[in-house]
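Reader: I have a protein model to read for class. Could we go through some of its side chains together?

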Amino acid sequence: MSLPKGKTFSTKHGPGEKPDTSIKNEILKQTKNEKIPCAVAFEIAKVLQISPEKVGKTADLMNFKLTKCQLGFFGYQPKKKIVHPQDNIKEDVKNAVSDALFQERLSCKQAWDIASRLRVGKMTVSAACEVLGVKIKDCQLGAF
């Protein structure tokens with residue numbers, strides 16, 4: 001998630017928006033280098049019993065960078081994206097992705113739900129999407 005020069009993550013939210021104090025404090029306790037891995041953001045949401053979106057918004061307002069997307073789409077070095085199409089995607093995964101499409105796209109939450117339901121890794125689902133040419137949208141943290 002690189003930003004254009006002079007922009008900050010907080011600019012995608014309205015002027016005057018401030019980070020939630022309790023979420024901010026938890027982010028500061030569990031992160032370093034102004035980066036917050038996706039898994040950590042979800043753990044914070046679970047601990048605070050809030051939506052992951054609220055954690056993502058607070059991270060944005062703190063100008064922290066979201067890293068290590070659990071679907072493999074962003075936040076990895078050096079290439080940023082680590083998910084790639086794979087030749088041997090199981091038919092049930094392909095079918096579940098195809099069945100869940102809305103306007104030829106799949107939401108991040110649906111991808112996670114498919115992974116959970118079929119007991120496969122999240123990146124297995126995102127790799128199937130790569131094979132099928134399906135875009136995943138609506139990041140639960142608000143990154144995309």
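Reader: Is Lys137 buried, partly exposed or exposed?

Author: Keep in mind that this is a predicted model. Buried means under 20% relative accessible area, and exposed means over 50%. Lys137 has 23% relative accessibility, so Lys137 counts as partly exposed.

Reader: Which residue does Lys137 meet in a salt bridge?

Author: Side chains of opposite charge can pair when their charged atoms come close. Here the N to O distance is 3.1 Å. The partner has 46% relative accessibility and counts as partly exposed. The side chain that meets Lys137 is that of Asp138.

Reader: How many residues apart in sequence are the parts that Glu17 and Lys57 tie together?

Author: The side chains of Glu17 and Lys57 meet in a salt bridge, 3.1 Å from N to O. Glu17 lies in the segment before α1, while Lys57 is in helix α3, so the pair ties together parts whose separation in sequence is 40 residues.

Reader: What about Asp113 and Lys109: by about how many helical turns are they separated?

Author: These two side chains, Asp113 and Lys109, also form a salt bridge. Both residues sit in helix α5, 4 residues apart. That puts between Asp113 and Lys109 about one helical turn.

Reader: Which strands do the buried residues of α6 pack against?

Author: Helix α6 covers residues 122-132, and its buried residues are Val125, Ser126, Ala127, Ala128 and Cys129. They pack against helices α4 and α5. They also pack against two strands, β3 and β4.

Technical notes: Residues are numbered from 1 along each chain as its sequence is written. This is a predicted model: local features need pLDDT of at least 70, side-chain atom pairs count only at pLDDT 80 or more; totals for chains, interfaces and linings use all residues. Side-chain values use heavy atoms; hydrogens and water are left out. Buried means under 20% relative accessible area, exposed over 50%, partly exposed in between (1.4 Å probe, protein chains only). Contact means heavy atoms within 4.5 Å. A salt bridge is a side-chain nitrogen of Lys or Arg within 4 Å of a carboxyl oxygen of Asp or Glu.
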